Each structure stands twice: as C-alpha cells, then as structure tokens.
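Q: I'm new to this one. Could you take me through a single part of it, slowly, and focus on how charged side chains pair up there?

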Amino acid sequence: MKQLTSIEEMNQFIQQPGKHLLFKHSTTCPISAKANEEVLAFVEEANASAAIVHVIEDRPVSNQVAEDFGIKHESPQIFLVEDGKVRWNTSHWKITKGAIKEAFAE
C-alpha cells in the first residue's frame, strides 16, 4: 500500500483509471490500527490498488481529501475511488475486510 505524503501524489493516485482504495489512518488510534489490519488483509488477498494517508503526519493531504470529496473527515476512514469519483466510503469499526470486499464487488 503506497503512502501518500503530498497533495500532488494524492491527486495522481485518485485520477488513475479503475478502482482504488484510499485509507485515512491515525497512527495513534487503536481503532485505526484494527482498521489498517482489515484493509491490508483485503488488499493482499485481492491484490487491490490502495494508498494510505497518515492523518497526523500528513494533515494537509488528509484535509485535501475531505475537501475534494466533500466528505467530512473521520479517522480511520476508507474510500473506494473509481475513475476519480468516490463510489463508497465508511469509517471506524465499519472498516472490515468483508465490507471492503462487498463494496469492491459492486
């Protein structure tokens, strides 16, 4: 999973064709740590395209995601992006391998 540390990297990732996961992760939150495990398990199994934004360390990127998508910031938070548009998102305990798999299959 690629870590996005600049707004430019984030824009390039989002504009790629196809389906991609964008995960906003807090490195200090135990809920986020569990969500990260779920995301990694899905990405490994499905060989899915995914990127991570560390919300504390790379706050400008995290803020830009919220602004660009028009979706209130939460952490942890995951987005399924397809052809530059958010098709699905969820946060906190709802981030599970099964939920991601279901969203990716639609």
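A: Let's start with Lys-34, which counts as partly exposed because its relative accessibility is 37%, in what is a predicted model. The side chain of Lys-34 meets that of Glu-37 in a salt bridge, at 3.8 Å from N to O. Both sit in helix α2, residues 30-46, and because they are 3 residues apart there, about one helical turn separates them. Side chains of opposite charge can pair when their charged atoms come close.

Now move along to Glu-45, also in helix α2. Glu-45 is partly exposed, with a relative accessible area of 46%. Its side chain forms a salt bridge with that of Lys-97, at 2.7 Å from N to O. This pair links distant parts of the chain, since Lys-97 belongs to helix α4 (residues 97-105) and the two are 52 residues apart. Lys-97 is partly exposed as well, at 27% relative accessibility.

Glu-45 has another salt bridge, this time with the side chain of Lys-101, at 3.6 Å from N to O. Lys-101 lies in helix α4 and Glu-45 in helix α2, so this pair ties together parts 56 residues apart in sequence. As for Lys-101, it's partly exposed, with a relative accessible area of 47%.

Back to where we began: Lys-34, Glu-37 and Glu-38 are joined into one network by salt bridges that share partners. Across the whole structure, there are 6 salt bridges.

Conventions. Residues numbered from 1 in each chain as written. Predicted model: local features only at pLDDT ≥ 70, side-chain atom pairs only at ≥ 80, totals over all residues. Heavy atoms only, no water. Salt bridge = Lys/Arg side-chain N within 4 Å of Asp/Glu carboxyl O. Helix = DSSP H or I, 4+ residues; strand = E, 2+ residues; numbered from the N terminus. Buried < 20%, exposed > 50% of the residue type's maximum accessible area, 1.4 Å probe, protein only.
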